[in-house]
Every structure is written in C-alpha cells, then in structure tokens.
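Let's take a look at the aromatic rings and the cysteines in this one. Have the structure open while you read.

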Amino acid sequence: MKTHLLSLRRSVPAIFLTAGLVFFFTIAGFAATYYISPTGNDATGNGTLVNPWRTLFKATSTVTAAGNTIHVLPGTYTETQTSSLRVGVNLEGEGMATSIILSAITGDWSALLTLSSGWDTNGNQTISGITFNGQYVSETNYKTWWGIDVSGRSNVVIRDCKIMNFYDRGVNFDGNTVFNPLTDPGHYATGNKFYNNTLLNTARCTLGYGAGQLNIGGQQGMEIYNNTMIQDQREDFKNGWPIKYWENGWLKGVKIYNNTLKKAYYKGSYPGENGDWDFAIELFNISGLEIYNNQIQGSIDLNYNYKGTYNFCAWIHHNTLDHPTVNTNFESGIILEFATESIIIEDNIINNSCTGVQFNTRGPGNSGGYNYPAPAGGYSALTNNIIRRNLFSNIYRGNGSGIGLFSEGTNDPYVNGLYIYNNTIVAKTGDAPWWGIDFSSQDNGNCSNIQVRNNIVKGFAGAWMVGTSSATNINTMTVTHNDAWANGNSNTPSWPAGNPTNYTYANNRAVNPLFVSATDFRLQPSSPLIDAGVYVGSPYAGTAPDGGYMEFGSSTLPIVIIDFTGREHAGKNMLNWNTASEVNSDYFSIERSNDGRTYFEIGRVNASGFSSTEVIYNFTDATPLDGNNYYRLKMVDRDGSLEYSKVVVIANTKSNMLRINYAAISGNAGTASVIINSTTAQPANLSIIDISGRLVLNSAIQLQKGNTTINKNIPAVASGIYLIRVSTSTENVVRKTISSN
C-alpha cells in the first residue's frame, strides 16, 4: 500500500489522527503549488491546475513567497526571457524525459534561470525533474550561454535534472558576491547539493578561456554526487571542463563523489595549446576537498592547496582516471599546482596517461596573484604529502612519469615531507617515458624528508627514479623495499649529481613482480613481492606488507565485476551482476537508498569464493521504495576487506499511478469537485476529512484510465482546510484544499 501526499511530494502513512493532522498543518503551513502547462495562458491563467500559466517566466515572476512550488507539467516549453526563481520557491517537473524547457534567450552571457541574492542568503529550495536545453548546435548556431546561475544562496538543491546544449556553461554556484577575490572572501554558501543530474554539451573552451559544465566558487560543504557529465560533443579545442572553479574558487570541505566525468580527448601537441587542457576537474584555492569513487576521463587539476582547519587540503581516493585508448597526445592524471599541503592520494587507478601525479611548482615568490602570506618554503611549498596504494598503468611518452616534481622555469621546488608508498607504476610497452619517479627539477630546490617504500616500478627507459644533473638538493631520503624491473640504468636510481644527503637505500629488489597479466597488475601467488614490504602505517595481510598497490588476493574491488544492472518488473526490482574472477570472496551485501546518500542492507548473496570464469548473480527487491531506488553492492572478502560497486537507480513504476489533479470544496453549496488521474481503470474510494479528523464524505468511485471528474454533494461545511483522499488496493493519494464559502 502506497500513500502520496501530493502537496508535500512525499510519502506519509495513511493514518488520519487529530494530533497527526495538527502536527502536519503546523509544519506544512499554507504553501501552495502552482502550475505551468504548454496549453496554459499567461494572460488569463491563475497558476492552478485547471487554469495554468504557459511559461516559466510568468510563474517565477508571480510566485514569490517562500515555501511555494512551481510545477512544470509534461510538455515542451520555449522561454524567451530569463526567469528569476525567488528565495524559498521550489521548481519541479515530472521527470527530465517529460518536462522540457527550451531556451530561446540570446545575447552574450544570457541565462535561462537565475537564483541570485546577496551573500549568506538561505535559499532553502530545490530544482528537480526537468530538462533545461540551451539549443547549442554548433559554434555559429546556438541560443543561450548559461543554464542555471545560483549566486549568494545556501541550501539550494539541484537534482534529477538534465542540463544540455548551453553555449558557455550549464550550472554556476557562486557563494559570494566579490568579483574574483584574491583573498579568502570570508563568506561561503553552505548546504548546496548537486546530484543525480545529467550534463551534456554545455561547456565551451576558446582561446585563453575555458568554462565548466558545473562551476563552483565560494562553497563550504557542497556535495556533488551521482552525476553524469560528458563534454566531448564539440569540435577540437572547443570543449570545456565537466567541473571547474568560479571566481577563483575558494572551496572548503567540498565533496565530489560517485560521478561519471568525461572530457574530450586532448588534441593539442602540448598542454594548453589553443587555450585547451585535458582537465575534467579544475579547482582553485581549496581546503578539505574530497574526491572519491568517480569514473573520470580527463585529469584532476588542483591549484593553491592549503589544509586550513581541515586534516588535508584534498583527499583523492578510489577514483578511476582512465582513457579507454591511449591518446596520441598528452593526457595527465592528477596535477597539483603551486602549493600543496597535506594531500592524500590513495587507492586510485590511473590508466593510459602520460603522468600519474605531478606537482607543478613555480618560484617561491610567485603567488599567482593571490594576496595571502607565503608559507615556509614559498608559495609553491610542498609539505607533508602522501601518495600511496595507487596503480599508474600504461604511463606513456618521453615527457611523462609516474610521479614527478616539475618546476615551471625556475627549477627550485621546496619539499618537506613526501611519502610515496605501495604504488605500482608501469610504463607503456613500446612508448615508455624516461623516468618512473622524477626529481630532476631540483637544480635550485630544497627537498627534505622523502620516503619511497614498497613500490613497484616497471618498464621506464631511463631509470626508475632520477635526480637533477647539476645539483641533487635532497636531504634525508629513505628508499627501501621497492622493486624495480625492466627499467634503464640497471634498475637502480639515477643521481647524476650524487646521492642525496643522509640517503638510506636498502632492501630494494630488481625481480620480475609476476603480475597476473599484461593488463592485470595484481600479484600472482608465486610473486616474490608477497610479504616483501615494510610496515608504513597501512594494514596488511600475512607477515609483512606486499609490494605494490594492493595485497595479494585483492583487486581494485574484492571481486572483479563485469557489470551491475537493474530493472523493474511487475512491481519488483530485479538486480543482476556478473563477475569475471573472484579470489577469497565471501558475500555481496545488497544496499538500498531513497536519496543516493544513506544506504541500508536489504539482503545478502553468497559469493563463489574462488573463480576464474564468469559467475552470474541476481537479487530481487520484492518491496521497492516509492519513487527512485538507489542500489549498490558491498563486496566483502573473507579477510573482511570490502569495496562498493557503482550505483544503479530504478524508478518504481508502481509509484504515482494516482494523482489528484484538482480539488475544490464549496461549503455553502455543499459540493465537492475532484479531478483524478489514474494510469489504469480501477475501483477506488473517495474520502474527505476535516482538520479535526471528522469524516465528511466516504464514497466508492470508479476511475477510468486518464482523468476522471468526480462531483459529489456533501453536507454544508465551515471554511477551512480539508484533506481529499483517494484510495485503491495499492495506493493512497492525499491532497489538501481549502473550502470556499
């Protein structure tokens, strides 16, 4: 039995007690829903369901009271004027496939929808279930520049929308009203969320300028998750970034997770050609940033990275940065520019890239134009950074490396504390870079407290690790328990200017690591690197840590999963997945969520334990939630280690079979009129209840497929609030109305 309270857009129990009603009206107040329809009329409409407006512009100009909702009925709308959504007003459609808004607004920097206020404004509003289309066709045939601009507001949620075909950018979140602040503005929007959205072809790049599909600045605690953002539809050098900073960034505690981001393959012969880069994410002035569980084609580029009051400037973990095929041009992995303080980069896979992690420093006096005090070591100081348990595979081209320090013109990086542990770094066969770990820009630098331990480095042409030719400039360096195989310089580090001062080099090997295959960089059971490492603070199995990015018997997931899919059938949600191989697997925990954030276990399926062939699994959720159901698999090994799958979303097709489109009561005339939409012909019951819980009407009715108009005589009733309830064997739909006298 499903119950929907349409005026609130949420499920509630079908229990009508006086106390419950009093509480309900206390929290709901008198918020109203207003409607637009392709058949509506802006001149004569009043925004009701039976007499809707025609355009979003009319609705946003008229509906100004916080708590109200503008509902976009199914259809396609063409907007010719920018709409301004007022504080506290929600905007909802009936799904991105059915509620479609085309923007015909033209002009430089034109926008379809704005939510603009002075800083520190509580927006407290949601935009959901709509497609916004800016009608970009080509570089000479397009309409609107921006999709949605949110400025100065907190607690704004944009979810379950499609934003596509805008010329310059799709969505902009700006938390402060200072234009390009060069110091911390001191004002941040909080509580903003952007999730379950699809962004397509909505960010441009032109000479010296690149925009993002999603642009963020002045945000604290913003969450960006479960989105699909693809920007590869335009001609070469014209595709912008999926996620980019706005107004110099200034981002604190932002989380970016469970997204699919795809940037067009980079076509330049050198980075930055024609103003283009290979960035999927580019952010400035960050603290406490977390990027995890994303699938990314393109690089992550972070600039001015200070931890502030957080434990890290950024924590980048469990992402896959992969190009399905090797680009003939340059592609990067994770790029850190200017200062980087207390970053943690762990458990990522970076494949088919020229570099894995690169620090791009400038001279110590170069602030990049920002007005804040220089830290010890200058504006490009690198302090207390950790890179561990990552796989860098198919690193290619002579100017690349697995991990590298690069100085742009001054060769003077300052490093105090760099910890490189348990990474697997593999060069591309036939196109290997010279160096695996690169310290060759230290001619004038000052580098200290470096530890390189438990890594596997394979296949680099020059040497697995290299220093500067004129002056090493590294003091206190520990290099132990690494395995270098099939590299140049006889599998030893190359220090042309002499070894670092206070240099410890011990227990390193030059043996075949015995990977599972040329594309699977786990260790075989006979690998000499199992239990061959040294403890560096990470948990391990056996008598000592293994060499490389994972413990023997693990994979990037405890189980190598081929696919995870789901579909609705006869009111039940059917989940299917299959695995390519399993080692020491225990069970699958099936977890479900109603919002894509908080998950609960709804069942378990035993895993096969050990398998080198495909195994097929399935699970049926016989009682799915009302609306969207989010599913993920928690895959657990027998040693207790675990990982999560991607998220599958299924809309329960039994939801919303009923809708009360219109309800009116005339107390003096003693009549009630109700228009009910049903997806099928079926018997039902109509009830009218007053605020005290007294039953005014209880009548059996017959619904037709589509709209059914019901007119009933009722006793004379006083003016006030009443509940209209329509019940079938599977659903209750409730709507409130006010009696007119």
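Phe515 is buried, and Phe521 is too. This is a predicted model, by the way. It holds 33 aromatic pairs. One of them joins Trp495 and Tyr503: the ring centres are 5.9 Å apart with planes at 80 degrees, and since that angle is over 60 degrees, the pair is edge-to-face. Phe515 and Phe521 pair up as well, with centres 5.2 Å apart and planes at 85 degrees, so they are edge-to-face.

How do Trp495 and Tyr503 sit with respect to the surface? Trp495 has 10% relative accessibility, so it counts as buried. Tyr503 comes in at 21%, so it counts as partly exposed.

Rings also gather in a cluster: ring pairs link Tyr245, Trp250, Phe284, Tyr304, Tyr306, Phe338, Tyr370, Tyr372 and Tyr379.

Then there are arginines over rings. Arg234 lies over the face of Tyr136, 3.8 Å from the ring centre. Over the ring of Tyr599 sits the charged end of Arg632, at 4.1 Å from the centre.

Now for the cysteines. How many disulfides does the structure hold? The count is 0. Here are two cysteines with their closest sulfur partners:

| Cysteine | Closest cysteine sulfur | Sulfur distance |
|---|---|---|
| Cys313 | Cys447 | 17 Å |
| Cys354 | Cys205 | 19 Å |

Why is there no bond between Cys313 and Cys447? Their sulfurs are 17 Å apart, which is too far for one. Cys354 is likewise too far from Cys205, at 19 Å. Cys313 counts as buried because its relative accessibility is 0%, and Cys354 counts as buried at 0% too.

Technical notes. Residues are numbered from 1 along each chain as its sequence is written. This is a predicted model: local features need pLDDT of at least 70, side-chain atom pairs count only at pLDDT 80 or more; totals for chains, interfaces and linings use all residues. Side-chain values use heavy atoms; hydrogens and water are left out. Rings of Phe, Tyr and Trp (its six-membered ring) pair if their centres lie within 6.5 Å; planes under 30 degrees apart count as stacked, over 60 as edge-to-face and the rest as tilted. Buried means under 20% relative accessible area, exposed over 50%, partly exposed in between (1.4 Å probe, protein chains only). A charge sits over a ring if NZ of Lys or CZ of Arg is within 6 Å of the ring centre and within 35 degrees of the ring normal. A disulfide is a pair of cysteine sulfur atoms within 2.5 Å.
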